[in-house]
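Biologist: I have a new structure to read. Can you take me through it, one feature at a time?

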Amino acid sequence: MKKYKILVLSDLKNSAVNTLKSAVSLAKMINGQIAFFYVKNPTDIVERENQLSANRTINKEHINVDKKIQNLINPIRDEYSIKIDHSFTFGNLKIEIEAYIKEHQPDIIVLGKRKSKSLNFVGDNMTQFVLDKHDGVIMLATNKNHLEPNHEISLGVLNSYEDLFNLDFSANLIDHIQEPLKSFKIVKNSKVIEKPKLPEDKKTVEYVFEQNDNTVKNISTYLNKNNINLLFVNRDEKNTNQDADFINSDIKEIINKTNVSLLLTGRQN
């Protein structure tokens, strides 16, 4: 059975625990292996020091960072009996993350989903950067309503179940979701609503929203009402779904204005 490589990018802030738990939850559902990666900017450590003093400071910080990561990972590793590899480096955030992605080729990247309306991660627009650099699946994990390992998830699907079933690990994921599945479909004003192709072996409920300026806000309200903790979204620009134009042009709004974790599909080459 294939092991899916899951990369967790973290800023080691308070939300890091729940981001890692969401990654563990996903890993347990789809047979994944987790690698945790952190980048620290050297300028955050050394300011106006001579070379010898700077080296000593960096060496000391290296020990401190490793200890901090171990304190984060070890309790989760022990509680859920899962191996979590970890590494970190000092350098430019974007350069180091891009290099890591190219070298290790993760199947899925997990990072924290920010509450703010801007796409900031570690204050450096990192969410959008990862969206641009990684063609595979991305999970943006919320802090408050994170996934809990060894618990079923309440899954919502935006616009198309067919895209969900195209994932390599879809069967593994669907085995761990609560019923009924929730479909959130966006239609244009003049479009005739077609009956969706929903899985026959699962109970499903569909909500239909007319496309307008309040669509994402309305969807967010229904996500909360239905206690959805993971929303599946197709971000592939080559999607032939007629409703895909909305997702491609408003993916930032989906990220910013929904308060649930997002599972974003990869892009086809």
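Modeller: Start with a charged cluster. Glu-98, Lys-102 and Lys-133 are linked in a network of salt bridges. Keep in mind that this is a predicted model.

Biologist: What lets side chains of opposite charge pair?

Modeller: Side chains of opposite charge can pair when their charged atoms come close. The cut-off for a salt bridge here is a Lys or Arg side-chain nitrogen within 4 Å of an Asp or Glu carboxyl oxygen.

Biologist: How many salt bridges does the structure hold?

Modeller: The count is 7. One of them joins Asp-107 and Lys-2, at 3.8 Å from N to O. Asp-107 sits in the loop between α3 (93-104) and β4, while Lys-2 sits in the segment before β1, so this pair ties together parts that are 105 residues apart in sequence.

Biologist: Are Asp-107 and Lys-2 buried or exposed?

Modeller: Asp-107 is partly exposed, with a relative accessible area of 23%. Lys-2 is also partly exposed, at 43%.

Biologist: Which salt bridge lies within helix α8?

Modeller: Look at Lys-257 and Glu-253. Their closest N and O atoms are 3.3 Å apart. Both residues belong to helix α8 (residues 244-257). They are 4 residues apart, about one turn of the helix.

Biologist: How do I read the burial of Lys-257 and Glu-253?

Modeller: Use the cut-off: buried means under 20% relative accessible area. Glu-253 has 19%, so Glu-253 is buried. Lys-257 has 45% and counts as partly exposed.

Biologist: What about Arg-77?

Modeller: Its side chain meets that of Asp-78 in a salt bridge, 3.0 Å from N to O. Arg-77 is partly exposed, at 32% relative accessibility.

Biologist: Now the strands. Is β1 mostly covered or uncovered?

Modeller: Strand β1 covers residues 4-9, and 5 of its 6 residues are buried. That makes β1 mostly covered.

Biologist: Which strands pair with β1?

Modeller: Strand β2 (residues 32-40) pairs with β1 in the parallel sense, over 6 bridges. Strand β4 (residues 108-112) also runs parallel to β1, joined by 3 bridges.

Biologist: Which residues stand opposite Ile-6?

Modeller: In β2, Ile-34 stands opposite Ile-6. In β4, Ile-108 stands opposite Ile-6.

Biologist: Which helix joins β1 and β2 in a β-α-β unit, and what is its handedness?

Modeller: That is helix α1, residues 16-30. Together, β1, α1 and β2 make a right-handed β-α-β unit.

Key:
Residues numbered from 1 in each chain as written. Predicted model: local features only at pLDDT ≥ 70, side-chain atom pairs only at ≥ 80, totals over all residues. Heavy atoms only, no water. Buried < 20%, exposed > 50% of the residue type's maximum accessible area, 1.4 Å probe, protein only. Helix = DSSP H or I, 4+ residues; strand = E, 2+ residues; numbered from the N terminus. Pairing = 2+ DSSP bridges. Right-handed = clockwise from strand over helix to strand, strands pointing away.
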